[in-house]
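Colleague: I'm new to this structure, and I'd like a close look at a single part of it. Could you pick one strand, walk me through it, and then tell me about the aromatic rings too?

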Amino acid sequence: MELFRKKIGPVFVKENSDLTEYIRKLEGLKDRVDENLKQEIDKQIKYAKYGEAGEKNIAFELKNSDMDMLILHDLYFESGDLTAQIDYIVITRKIIFVIECKNLYGNIKIDNRGTFIRLSGGREEIGIYSPIRQNERHLQLIRKIRLDSMNMLQKRIFNKNFDSRYKSVVVLANPQTVLKDREAPKEVKEKVIRYDQLTGYIRKANEESSQPVLSADDMKEMAEFFLKSAIPSKSDYTKKFQQLAERSSKEGTSVKEEKANPPDSEKKKHTDREMAKEVPLSKSTELQGEKQEEMIKRLKAYRLQESRQNHIKPYYIFNDEQMKDLINKMPKNAEELLNVSGFGAAKVEKYGEAILKILHS
């Protein structure tokens, strides 16, 4: 037992974020593009800064918690086919918290099935991909990474204590968001909190935990393990803007031409072969020739079917450029689908399962 348990926190072991670098890169691109692309970049900067503000709200709460904790912000892990971008890992005396930060517009309702629904003007607007499910996948990847570094005895002890030692929590970081979870199942309700409840949540979880107290050395060793296991994120979300800027500069083409993608209702009807030609794929794609054409045909058929059922324009589901990105990247799961152009959590939740089935059936 440590003598008088020397205070060791709160301490940020890693505080920087990829978001800051992303915003910096986008800001640097603005002077190199025409007005149309500049407006799109400004929109992306706005969204990124909004997300950054949410993470800062959480950081403020953690810094002012007056608790022993080591904090790691924005870590990317990869093991086999599994990847995870984790917003915060917080190592306390008894529990390691894996935190998913959500800075969402509008209020959030969680129904009796655990479905997350965004509310706008008091009305249900759209279901969003469950951040609990997303964060639990992150937790399982951490479990795998830890187990890979252990011997058989250590693995047995670790597995026995994992669910008590590691906790997943989703933190709503927008101060204006109202969480309506009265109908939510207990196991869901316990994992979703507002950012201003975070300190109390961590303190209570530690007080109620029967796990052995970690020493300062144990906590530091764990923090160092996560730092060493993390790798630079492979995602570069500024790449598409850089490519557009370079091509616009070299060829004198306008962004309007570059991004042209009129609604399906305004296009003339094409044959299946013409439809394949209008979405040129990169040479690196695994799909070639007739397979490309068949994939495009099936994706367009699904898009049209969904648009009619939901009374929306087909390009609201995905446009041709996004379809091109889908086929080039061939995502294998919902998390990889989030890296495809135009696919946010709401779209993945609503259309992801069907799209993945089309891509891999």
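Modeller: Let's start with the side chains of strand β4: Ile96, Val98, Glu100 and Lys102 point one way, while Phe97, Ile99 and Cys101 point the other way, and all are buried. Keep in mind as we go that this is a predicted model. That back-and-forth fits a general pattern: in a regular strand the side chains alternate between the two faces of the sheet.

Now take the strand as a whole. β4 covers residues 96-102, and 7 of its 7 residues are buried, so the strand is largely enclosed by the rest of the structure. Glu100 and Lys102 are on that buried list too, pointing the way Ile96 and Val98 do.

Who are the neighbours? One is strand β3, residues 82-92, which pairs with β4 in the antiparallel sense over 4 bridges. The two strands form a hairpin, with 3 residues between them. If you want a spot to find by eye, go to Val90, whose bridge partner in β4 is Phe97.

Another neighbour is strand β8, residues 166-172, and here the pairing with β4 is parallel, over 7 bridges. Look for Glu100 here: it stands opposite Val170 in β8.

From β8 we can step over to the rings. The structure holds 7 aromatic pairs. Take Phe77 and Phe226: their ring centres are 6.3 Å apart and their planes sit at 70°, and since an angle over 60 counts as edge-to-face, that's what this pair is. It also ties distant parts of the chain together, with Phe77 in strand β2 (residues 69-79) and Phe226 in helix α7 (residues 216-229), 149 residues apart. Phe77 and Phe226 are both buried.

Tyr166 has a ring partner as well, namely Phe158: the centres are 5.8 Å apart and the planes are at 70°, so this pair is edge-to-face. Phe158 and Tyr166 are both buried.

Back at Phe77 and Phe226, there's a further member to add: ring pairs link Phe77, Phe225 and Phe226 into a cluster. Phe225 has a charged companion too, since Arg146 lies over its face, at 4.6 Å from the ring centre. Elsewhere, the charged end of Lys63 sits over the ring of Phe12, 5.4 Å from the ring's centre.

So, for your tour: begin at β4, which pairs with β3 and with β8, then move on to the cluster of Phe77, Phe225 and Phe226.

Key: Residues are numbered from 1 along each chain as its sequence is written. This is a predicted model: local features need pLDDT of at least 70, side-chain atom pairs count only at pLDDT 80 or more; totals for chains, interfaces and linings use all residues. Side-chain values use heavy atoms; hydrogens and water are left out. Rings of Phe, Tyr and Trp (its six-membered ring) pair if their centres lie within 6.5 Å; planes under 30 degrees apart count as stacked, over 60 as edge-to-face and the rest as tilted. Buried means under 20% relative accessible area, exposed over 50%, partly exposed in between (1.4 Å probe, protein chains only). A charge sits over a ring if NZ of Lys or CZ of Arg is within 6 Å of the ring centre and within 35 degrees of the ring normal. Two strands pair if DSSP finds at least two bridges between them.
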